[in-house]
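Here's a quick tour of one protein model, with an eye on its rings, its cores and its surface. Have the structure open as you read.

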Amino acid sequence: MLKVAALPDVPRWAVLAAHAVPLATLPSGLWRVALVAGLPVTAEPQRGAGEAAYILMLSLVSEGLALLTLGLVRGWGEVVPGWLPVIGGRPVRPLAAVVPAVLGATGLFAIMGWAFYAQAAGLGEGQGVTDSAAQTAVLIGCYAPLPAWPLLLVAVTVAYYRRRTVPASPLAA
């Protein structure tokens with residue numbers, strides 16, 4: 001059976017959902033790295049060092065943000081790691097994790113909504129990203145998991161908030 005690290009009182013579904021978030025963002029990041037590496041994943045190769053740096057930074061930042069979801073099921077989401085100066089060892093207030101997570105999910109929903117709208121409205125028609133069926137299949141395959149990110153983030157955030165704020169039932173004791 002797959003063993004994943006998490007706090008003992010975290011529901012298994014929340015642990016699996018939190019670990020699924022970085023996995024959902026990984027294929028699109030790898031697609032962007034392939035683009036910068038010059039692999040034939042688009043109709044036109046990326047140009048310039050500035051564009052390459054932006055694309056790589058986008059991949060690193062998105063994967064880093066996705067990895068932060070793990071904090072909602074692990075100890076460092078409840079107590080700040082001791083190696084951090086000044087605040088290390090202090091408890092994390094629930095809203096200090098919930099508010100950024102909800103804002104992040106809201107931003108992701110907005111970005112996804114815009115992407116779906118732009119596709120449905122035909123914005124950018126004639127400016128094809130790919131020029132072959134294989135490139136299109138790879139692009140879709142790499143970006144298809146991304147809509148799961150905000151959904152999983154919301155689910156894990158709700159579980160975190162409930163676990164950290166709802167008092168234990170007197171019957172459970």
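Two rings of Phe, Tyr or Trp count as a pair if their centres lie within 6.5 Å, with the six-membered ring standing in for Trp. Keep in mind that this is a predicted model.

## Aromatic pairs

By that yardstick, the structure holds two aromatic pairs. One of them is W31 with Y143, an edge-to-face pair with 5.7 Å from centre to centre and 80° between the planes. W31 sits in helix 1 (residues 12-36) and Y143 in helix 4 (residues 133-143), so this pair ties together parts that are 112 residues apart in sequence. As for exposure, W31 has 8% relative accessibility and counts as buried, because the cut-off for buried is under 20%. Y143 is partly exposed, at a relative accessible area of 27%.

Then there's W114 with Y117. Their ring centres are 5.4 Å apart and the planes meet at 45°, so this pair is tilted. Both residues belong to helix 3 (residues 94-121), where they are three residues apart, or about one turn of the helix. W114 counts as exposed at 52% relative accessibility, while Y117, at 48%, counts as partly exposed. Why do those two get separate labels? Because exposed means over 50%, and W114 has 52% whereas Y117 has 48%.

## The nonpolar cores

Now for the inside. The largest nonpolar core has 25 residues, and the ones touching the most other members are L72, V73, W149, L153, V156 and Y160. Helix 1, helix 3 and helix 5 (148-165) each chip in at least two residues of this core. Which helix gives the largest share? That's helix 3, with six residues.

V73 is a handy residue to click on. Leaving out residues up to four places away in sequence, V73 touches A6, L7, V10, A14, V15, A18, V156 and R163. Apart from the largest core lies another core, made of seven residues, including A34, L35, L139 and C142.

## A nonpolar patch on the surface

Back to the outside. M57, L60, V61, L65, L68 and W76 make a nonpolar surface patch of about 600 Å².

Take V61 as one of its members. V61 is found in helix 2 (residues 49-67). Is V61 buried or exposed? Neither label quite fits: V61 is partly exposed, with a relative accessible area of 42%. That value clears the patch cut-off, because patch residues need over 30% relative accessible area.

Definitions and conventions. Residues numbered from 1 in each chain as written. Predicted model: local features only at pLDDT ≥ 70, side-chain atom pairs only at ≥ 80, totals over all residues. Heavy atoms only, no water. Patch = residues over 30% accessible without salt bridge, like charges linked within 9 Å, V, L, I, M, F, W, Y side chains within 5 Å. Areas by Shrake-Rupley, 256 points an atom, 1.4 Å probe, with all protein chains shown as cover. Salt bridge = Lys/Arg side-chain N within 4 Å of Asp/Glu carboxyl O. Helix = DSSP H or I, 4+ residues; strand = E, 2+ residues; numbered from the N terminus. Buried < 20%, exposed > 50% of the residue type's maximum accessible area, 1.4 Å probe, protein only. Phe/Tyr/Trp six-rings, centres within 6.5 Å; stacked < 30°, edge-to-face > 60°. Core = buried A, V, L, I, M, F, W, Y, C linked by side-chain atoms within 4.5 Å. Contact = heavy atoms within 4.5 Å.
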